[in-house]
Amino acid sequence: MSQPDITLYTAQTPNGIKISIALEELGLPYKVQKIDISKNTQKEPWFLAINPNGRIPALTDTLNNQPIHLFESGSILQYLVEQYDKDHKISYPQGTPEYYAVNNWLFYQNAGVGPMQGQANHFSRYAPEHIPYGVTRYVNETRRLYGVLDQHLSTSKSGWLVGDRVTIADISHWGWVAAAGWAGVDIEEYPHLKAWEERMAAREGVEKGRHVPEKHTIKDLLKNKEEMEKKAEEARAWIQEGMKKDAKV
């Protein structure tokens with residue numbers, strides 16, 4: 001196994017903390033470079049050379065004595081377990097039924113929960129005008145996806161998404177589920193998912209990784225409606241400005 005030479009380029013978002021949590025769970029050394037998405041740092045040429053899509057997280061490493069650039073959180077998670085999880089702390093051996101089940105739930109999060117909850121966040125918190133159809137459409141779809149997770153976890157003997165251990169499938173979901181209230185989803189409606197979220201939060205690797213590159217505050221923020229609206233208003237301005245800049249590309 002090659003020695004890691006990892007730099008994580010990230011921000012305090014549900015996607016960003018996936019990678020720092022995985023790195024902590026694996027016990028890997030890594031450097032962190034905070035990306036200020038409110039200032040569009042992710043659109044600067046040096047960052048686009050790492051991730052042409054201009055999004056976080058991204059990761060650089062040395063593989064076979066050559067630099068490698070990784071982007072898209074699911075791709076990064078798969079890379080980390082393939083290169084550094086030879087003992088299968090957060091994965092299963094390739095070719096096993098559990099390996100493919102992890103992929104199922106990993107893609108479920110990256111193609112379903114993340115995009116749908118992200119749109120629920122946008123229409124509920126950041127849109128310049130209230131569009132009831134958009135809010136209803138994406139909040140309800142997020143709730144449906146949470147229902148699928150809740151039902152699946154109700155049948156899990158271990159309490160994890162796949163088999164007998166935490167995997168990158170669990171790690172991929174956690175930051176989004178922890179922020180459910182920001183999208184207008186009440187986690188209390190999903191008792192098995194809520195219990196899973198709490199089990200995840202109690203893990204040392206999750207506790208360390210969630211505070212990268214800065215303190216993870218969403219769970220506290222969700223308890224204060226006035227502060228929530230203040231944060232949403234602050235974000236609304238730079239998100240709308242960023243959308244205008246993206247439209248010109």
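# Two domains and the contact between them

About 1,400 Å² of area is buried between domain 1 and domain 2, and carbon and sulfur atoms give 64% of that area. Keep in mind that this is a predicted model. Every value below is computed from it.

Start with the layout. Domain 1 covers residues 6-85, and domain 2 covers residues 97-211. Their C-alpha centres lie 21 Å apart. Domain 1 gives 15 residues to the contact, and domain 2 gives 18.

Now look at what crosses the interface. Nine residue pairs are in polar contact there, both partners having pLDDT 80 or more. Two elements each give two or more residues to the side of domain 1 that touches domain 2: α1 (14-26) and α3 (73-84). The largest share of that side comes from α1, with nine residues. What kinds of residues make up the side of domain 1 that touches domain 2? Six are nonpolar, six are polar and three are charged.

Charge also plays a part across this boundary. Side chains of opposite charge can pair when their charged atoms come close. The interface of domain 1 and domain 2 has one salt bridge. Find R203 and E25 in the structure. These two residues form a salt bridge, and their closest N and O atoms are 2.9 Å apart.

How many salt bridges does the count come to? The count is 14. One more pair deserves a look. K43 and D246 meet through their side chains in a salt bridge, at 3.3 Å from N to O. K43 sits in the loop between β2 (31-34) and α2 (45-48), while D246 sits in helix α10 (residues 225-247), so this pair ties together parts that are 203 residues apart in sequence.

Stay in the loop between β2 and α2 for a moment. N40 is found there too. Turn to the backbone now. Most residues other than glycine have a negative phi, and most peptide bonds are trans. N40 is not a glycine, yet its phi is positive, at about 60°.

Which peptide bonds are cis? One is the bond from I56 to P57, with omega near 0°. P57 is placed in the loop between α2 and β3 (58-63). Another cis peptide bond joins V212 and P213, where omega is about 0°. P213 also belongs to a loop, the one between α8 (204-209) and α9 (218-221).

Next, move to helix α4 (residues 97-126). F123 is found in this helix. Which residues does F123 touch, leaving out those up to four places away in sequence? F123 touches I131, G134, V135 and Y138. P4 is a residue to compare with it. F123 and P4 are 119 residues apart in sequence, and their C-alpha atoms are 40 Å apart in space.

Finally, set the model beside the UniProt record. An unreviewed entry there lists "domain: GST N-terminal" at residues 3-88. In the model, this span is 34% helix and 23% strand. The end C-alpha atoms of residues 3-88 lie 17 Å apart. The unreviewed UniProt entry also lists "domain: GST C-terminal", at residues 95-221. That span is 67% helix and 0% strand in the model. The end C-alpha atoms of residues 95-221 lie 42 Å apart.

Definitions and conventions:
Residues numbered from 1 in each chain as written. Predicted model: local features only at pLDDT ≥ 70, side-chain atom pairs only at ≥ 80, totals over all residues. Heavy atoms only, no water. Domains from an automatic or database assignment. Contact = heavy atoms within 4.5 Å. Buried area = accessible area lost by both parts, 1.4 Å probe. Salt bridge = Lys/Arg side-chain N within 4 Å of Asp/Glu carboxyl O. Polar contact = N/O pair within 3.5 Å; in protein donor to acceptor, adjacent residues only side chain to side chain. Helix = DSSP H or I, 4+ residues; strand = E, 2+ residues; numbered from the N terminus. Nonpolar A, V, L, I, M, F, W, Y, C, P; charged D, E, K, R; others polar. UniProt positions renumbered as here; feature names shortened; annotations may be inferred.
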